[in-house]
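I opened the model to look up a few local features and kept notes as I went. The entries follow in the order I made them.

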There are 2 protein chains.
Amino acid sequence: MAPQQTVGILGGGQLGRMLAHPAALMGIPLLILDSGAATPAKQVSLAPAPHAAHPDGAFTSPDHIRQLARAADVLTVEIEHVDADVLAQVERDGLCAVQPAPATIKLIQDKYLQKRHLQRHGIAVAPFDAVPDQPTAEDWSKLERQFGLPLMVKSRTNAYDGKGNSPLKSLTQEDITQTMQSLGKNKLYVEAWAPFVKEVAVMVVRNVNGDVKSYDAVETIHKDSILRVCFAPLRVSTTGGRGAGGLVDVNKRAKELAERAVATLDGAGIFGVEMFLMADGSLMINEIAPRPHNSGHHTIEACDTSQFENHLRAILSLPLGSTALRVPSAGMLNLIGTSDSMDPINKAVQAAYETPGATVHLYGKTECRKGRKMGHITITGSSDAQVRSRIRPILEAMNDLSAPFIDALTTPPPSATPSAGGYSHPYPLVGIIMGSDSDLPTLLPAARILDAFSIPYELTICSAHRTPARMVTYAKEAAGRGLRCIIAGAGGAAHLPGMVASETTLPVVGVPVKGSVLDGVDSLYSIVQMPRGIPVATVGIANATNAALLAIRIIGSASPETAADLAAYAVDLEKEVLDKVDKLEDLGWEEYAAKVLKK
Amino acid sequence: MAPQQTVGILGGGQLGRMLAHPAALMGIPLLILDSGAATPAKQVSLAPAPHAAHPDGAFTSPDHIRQLARAADVLTVEIEHVDADVLAQVERDGLCAVQPAPATIKLIQDKYLQKRHLQRHGIAVAPFDAVPDQPTAEDWSKLERQFGLPLMVKSRTNAYDGKGNSPLKSLTQEDITQTMQSLGKNKLYVEAWAPFVKEVAVMVVRNVNGDVKSYDAVETIHKDSILRVCFAPLRVSTTGGRGAGGLVDVNKRAKELAERAVATLDGAGIFGVEMFLMADGSLMINEIAPRPHNSGHHTIEACDTSQFENHLRAILSLPLGSTALRVPSAGMLNLIGTSDSMDPINKAVQAAYETPGATVHLYGKTECRKGRKMGHITITGSSDAQVRSRIRPILEAMNDLSAPFIDALTTPPPSATPSAGGYSHPYPLVGIIMGSDSDLPTLLPAARILDAFSIPYELTICSAHRTPARMVTYAKEAAGRGLRCIIAGAGGAAHLPGMVASETTLPVVGVPVKGSVLDGVDSLYSIVQMPRGIPVATVGIANATNAALLAIRIIGSASPETAADLAAYAVDLEKEVLDKVDKLEDLGWEEYAAKVLKK
């Protein structure tokens with residue numbers, strides 16, 4: 001191999017471990033600075049010759065950092081709580097390059113300065129202010145007038161995974177004392193409570209040459225301020241609601257905001273940008289991590305290039321890898337210790353082994369502790385609904401999260417039996433829409449077919465002429481919400497299918513509904529005779545069964561599982577007819593005809 | 001972590017290295033027996049406590065094997081050229097379990113015995129016979145009469161990667177001597193030359209409990225008997241030909257044959273089964289490897305569970321992981337030394353860094369040699385055509401394979417310009433078919449639209465009434481050949497779209513062609529009014545433009561890239577009309593109307 005630059009990593013935990021894998025694949029020599037000979041990262045990375053071993057010492061130790069800098073070509077971090085001043089010195093002394101820039105690491109260490117920096121660059125953040133040292137009652141009152149209660153009081157430094165946050169519910173001396181004590185001696189600041197509808201994260205990577213790429217936004221779900229579950233891609237669902245104009249293109253806007261924020265920071269590498277999505281569709285940045293981030297772990301299995309590989313590419317002036325998802329849908333579940341027992345985690349791992357598309361990532365930590373990240377599990381699948389149904393038994397096996405929490409994450413279909421409402425689902429692949437509830441009897445067979453194939457769908461009313469705004473919103477949001485196909489039924493002038501097709505890139509299947517005159521031919525012509533440029537896939541008059549089967553064929557064209565179900569359906573259809581052949585043979589055609597006519 | 005069984009691996013090369021990664025993820029302690037402290041596998045796996053290091057010794061050494069057996073719970077192999085007798089002894093002595101069974105390893109080591117074993121179990125293999133020790137001229141004549149020339153003379157043992165094969169072209173003393181010398185002192189056997197159309201491989205995994213799963217068949221492409229490139233899933237293309245009835249369901253039959261062959265062998269683990277696909281569609285087994293295999297390397301990125309993880313699960317009585325592909329299409333390219341210079345490999349790696357969906361796997365070997373496997377590159381993509389276009393620049397960068405070889409593998413579209421034949425492609429996503437060449441003028445706009453979107457397609461004639469057998473074969477093979485959608489144009493009775501839809505699970509788009517009477521309404525009704533159960537997506541009369549756009553929407557429903565192209569197309573359509581609005585405004589409507597009427 002051509003001589004590669006040696007990368008020195010400050011920190012040998014799980015992020016270092018996950019960096020070590022692509023480093024080995026690309027032949028990049030690593031030196032990992034951490035205390036102990038068998039930290040998570042060191043377990044999977046032999047020190048490269050001529051080094052007998054990885055450096056054994058604290059990643060905060062100036063001497064060890066300097067020694068590492070002499071042996072490496074580039075230093076990077078897997079944790080931001082390092083001595084940024086030493087890193088700056090190392091760079092000034094020309095010992096080696098440091099990525100990302102020490103100034104960036106230093107800025108990010110102080111959440112108050114980080115937020116002020118973003119605000120000065122015109123990046124939206126939740127309102128915040130500093131808390132004076134030894135604040136007086138008057139200081140607190142002023143902050144309360146500014147932000148209301150509860151006041152989110154936070155440590156400016158050394159805060160992570162929920163540590164360093166304390167909501168102040170009232171200004172009684174008791175509450176103030178308790179908050180101050182829980183946050184220790186750190187400098188403090190205050191944030192307004194952000195009434196977000198979702199938490200969102202975007203990983204952004206920039207290489208030494210300044211090339212920038214970002215990954216698709218993901219939904220992050222926290223409990224007690226610790227990331228528990230993550231879903232990719234982000235879905236902003238307004239299903240069942242009456243349309244919400246501001247939620248279109250959240251992914252695109254989140255990526256733009258994240259890239260804009262990272263553009264204000266110096267240095268190469270990957271950045272995790274956490275945001276709040278508000279009810280009006282606006283986005284605010286919560287905080288930025290200058291390193292691989294928990295909200296990007298799914299990229300190992302789910303994306304063309306993982307966040308870890310892209311971090312290494314970025315700091316080594318290699319071309320950035322594609323950030324595209326290579327699977328339709330993915331989820332990530334953290335394995336967090338609930339006590340010193342590994343039992344709940346072992347149970348989750350066992351459940352994962354039984355789950356198709358699940359990959360277990362244990363971090364090789366020998367001791368389990370409450371709140372400690374022991375590993376994670378990635379789940380990939382052909383749809384959001386499938387990923388959610390796959391993650392559910394693993395969450396349940398952990399016996400850590402409450403049932404309502406798990407329900408909210410996975411929201412299973414109520415039941416696949418028609419009587420219980422069918423396979424109607426919050427993460428549908430097919431949308432069945434009609435201009436009026438009078439079309440419902442015609443469209444219902446479509447729902448029944450989707451039930452039979454366990455294809456998640458939604459069914460709603462959306463009139464081209466009476467709710468044109470709702471129709472446009474529905475059509476515009478459909479692809480981003482994960483739909484693969486829309487079935488639209490309409491009668492008479494029958495504009496709905498064609499108008500919806502004009503506002504989406506999804507295939508739209510049109511079902512001509514038969515009216516009181518013209519036998520449905522009017523609807524058929526209105527739906528099928530679209531102008532060049534906007535196609536509608538038209539099925540026979542009132543043939544919603546075929547509309548659903550067409551939607552399933554569309555899904556099946558990219559899903560071998562669904563295609564296999566369709567093949568089985570075709571065999572059933574054939575058998576049904578062949579059984580009649582046998583019966584006709586048995587009875588003789590005269591008797592058979594008599595029976596058929598009697599019906 | 002709960003105490004895990006320790007796995008001892010005989011051999012610390014690249015297969016051991018690729019086993020070490022999932023072992024770390026699952027928390028499985030490994031002990032790797034090989035000579036040297038930093039073999040490919042040992043570089044990425046610290047010996048677990050209390051062991052200070054992995055055992056340093058030859059994996060053929062009985063003493064070292066026994067020592068390893070005492071320290072491990074299960075022994076396995078990453079190479080079959082081990083001392084199977086010692087392994088059997090270790091098992092008999094109760095030192096530890098060995099997987100797969102030593103008897104299986106021993107059987108497979110002798111290719112002649114392996115073939116005889118398969119033949120006795122009724123598994124199809126190419127005709128073969130033993131060569132007596134010190135064969136006489138009469139022995140050779142007899143073999144020549146039996147098999148014809150050239151005789152494929154092979155070593156029974158120690159043969160791999162093309163070593164141990166020598167074709168005997170004539171029975172002159174000179175040729176015989178040369179062949180005998182090239183094969184050394186090994187025992188020999190002879191095989192009939194198998195005039196295969198493709199080489200195919202299936203990975204089969206069986207766990208200790210006897211559960212069996214197999215991966216989808218892949219196409220393997222060898223040069224000088226060394227695997228160079230591999231494509232998944234297997235495509236058996238008869239495009240441009242006149243239909244070949246025997247080639248349907250090759251994947252299913254290959255999996256069944258591989259599972260049947262592995263069922264005759266004892267022990268748990270993964271098995272690589274190499275086969276020949278003959279012109280008549282029959283399959284014959286070439287050979288079996290009782291370990292992870294080069295033809296399964298793509299499973300790391302492309303499948304739910306890699307062959308390496310499934311091997312570990314199999315020997316440790318864990319549930320087997322899903323073997324399903326999680327991406328639509330994948331390829332694998334071996335990085336094989338051409339000399340002691342790493343230059344060609346470094347160039348391929350550099351090209352891979354520039355290629356979306358490519359993952360580099362270097363094996364950490366310090367010295368490059370001609371014929372040595374230094375690494376591989378996996379490529380994933382949304383279609384076969386995309387994978388082939390992505391692999392091409394990497395193959396070219398290696399500067400090792402000849403241009404015709406690369407062309408044959410990747411067969412790029414001739415050109416995207418209409419004059420040069422469009423984006424017609426041997427690995428199409430869309431098939432445009434018509435009952436007669438008189439329909440060509442109507443269907444041509446579909447091809448032009450697909451050209452404009454760079455969607456690979458094929459265009460051919462297929463008449464429901466005049467070539468019914470061809471139509472059935474075309475429809476039956478379409479999904480297995482990688483098509484996602486069929487556009488069928490027909491006029492009058494217009495049976496083609498509906499009949500094709502009856503023989504495939506793919507979505508079929510029907511284009512009603514206008515005849516000399518009835519204005520195309522006859523065709524429209526014939527195509528759209530399908531019976532319940534078999535849908536055809538019907539577009540407007542003679543509107544092949546919309547048929548192609550619908551096909552692209554179908555592809556785009558599972559491909560964000562294609563969906564983005566569709567969104568851009570919609571913007572262009574809008575702009576085209578808005579430009580006319582501006583022009584009408586500029587000229588005034590009287591003058592505009594005059595211009596329009598003049599045309």
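**Cysteines**

I looked for the cysteine sulfur closest to that of B:Cys485 and found it in A:Cys485, 12 Å away, which is too far for a bond. The model is a predicted one. B:Cys485 is buried, at a relative accessible area of 0%.

I then checked A:Cys230, whose closest cysteine sulfur belongs to A:Cys303 at 10 Å, again too far for a bond. A:Cys230 is buried as well, with a relative accessible area of 1%. With a cut-off of 2.5 Å between sulfur atoms, I get a count of 0 disulfides over all chains.

**Strand β9 of chain B**

How many of the residues of β9(B) are buried? I find 9 of the 9, across residues 198–206, so the strand is largely enclosed by the rest of the structure. In a regular strand, side chains alternate between the two faces of the sheet, and I went through the faces in turn. One side of β9(B) carries B:Lys198, B:Val200, B:Val202, B:Val204 and B:Arg206, the other B:Glu199, B:Ala201, B:Met203 and B:Val205, and all of these are buried. I note that charged residue names, B:Lys198, B:Glu199 and B:Arg206 among them, appear in this buried list.

Next I listed the pairing partners of β9(B).

- Strand β13(B), residues 269–277, runs antiparallel to β9(B) and is joined to it by 9 bridges; B:Glu199 has B:Phe276 as its bridge partner there.
- Strand β11(B), residues 218–223, is also antiparallel to β9(B), with 3 bridges; B:Ala201 is bridged to B:Val218.
- Strand β10(B), residues 212–214, pairs with β9(B) in the antiparallel sense over 3 bridges; B:Val204 stands opposite B:Ser214.

I looked at the connection between β9(B) and β10(B): the two form a hairpin with 5 residues between them, and B:Gly210 in the turn has a positive phi of about 95°.

**Helix α13 of chain B**

In α13(B), residues 403–410, I find B:Phe405, B:Ile406, B:Leu409 and B:Thr410 buried. Viewed down the axis of α13(B), the buried residues fall within an arc of 115°, so they line one face of the helix. An α-helix has 3.6 residues a turn, so residues three or four places apart point the same way. On the face of α13(B) turned away from the buried side I see the exposed residues B:Ala403, B:Pro404 and B:Ala408.

What do the buried residues of α13(B) pack against? I find β11, β12 (226–232) and α12 (384–398) of chain B.

**Aromatic rings and an arginine**

The count of aromatic pairs is 10 over all chains. I took A:Tyr112 and A:Phe128, an edge-to-face pair at 5.7 Å centre to centre with 70° between the planes. A:Tyr112 lies in helix α5 of chain A and A:Phe128 in strand β5 of chain A, 16 residues apart. Both are buried, A:Tyr112 at a relative accessible area of 10% and A:Phe128 at 8%.

In chain B I looked at B:Tyr112 and B:Tyr189, a tilted pair at 6.3 Å with 50° between the planes. This pair links helix α5 to strand β8 of chain B, 77 residues apart, and each of B:Tyr112 and B:Tyr189 is buried. Back in chain A, I noted that A:Tyr112, A:Phe128 and A:Tyr189 form one aromatic cluster.

Last, I checked B:Arg388. Its charged end sits over the ring of B:Phe231, 3.7 Å from the centre, and over the ring of B:Tyr427, 3.6 Å from the centre.

Note on methods
Residues numbered from 1 in each chain as written. Chains lettered and ligands numbered in written order. Predicted model: local features only at pLDDT ≥ 70, side-chain atom pairs only at ≥ 80, totals over all residues. Heavy atoms only, no water. Buried < 20%, exposed > 50% of the residue type's maximum accessible area, 1.4 Å probe, protein only. Helix = DSSP H or I, 4+ residues; strand = E, 2+ residues; numbered from the N terminus. Pairing = 2+ DSSP bridges. Arc of directions from axis to C-beta. Contact = heavy atoms within 4.5 Å. Phe/Tyr/Trp six-rings, centres within 6.5 Å; stacked < 30°, edge-to-face > 60°. Lys NZ or Arg CZ within 6 Å of the ring centre and 35° of its normal.
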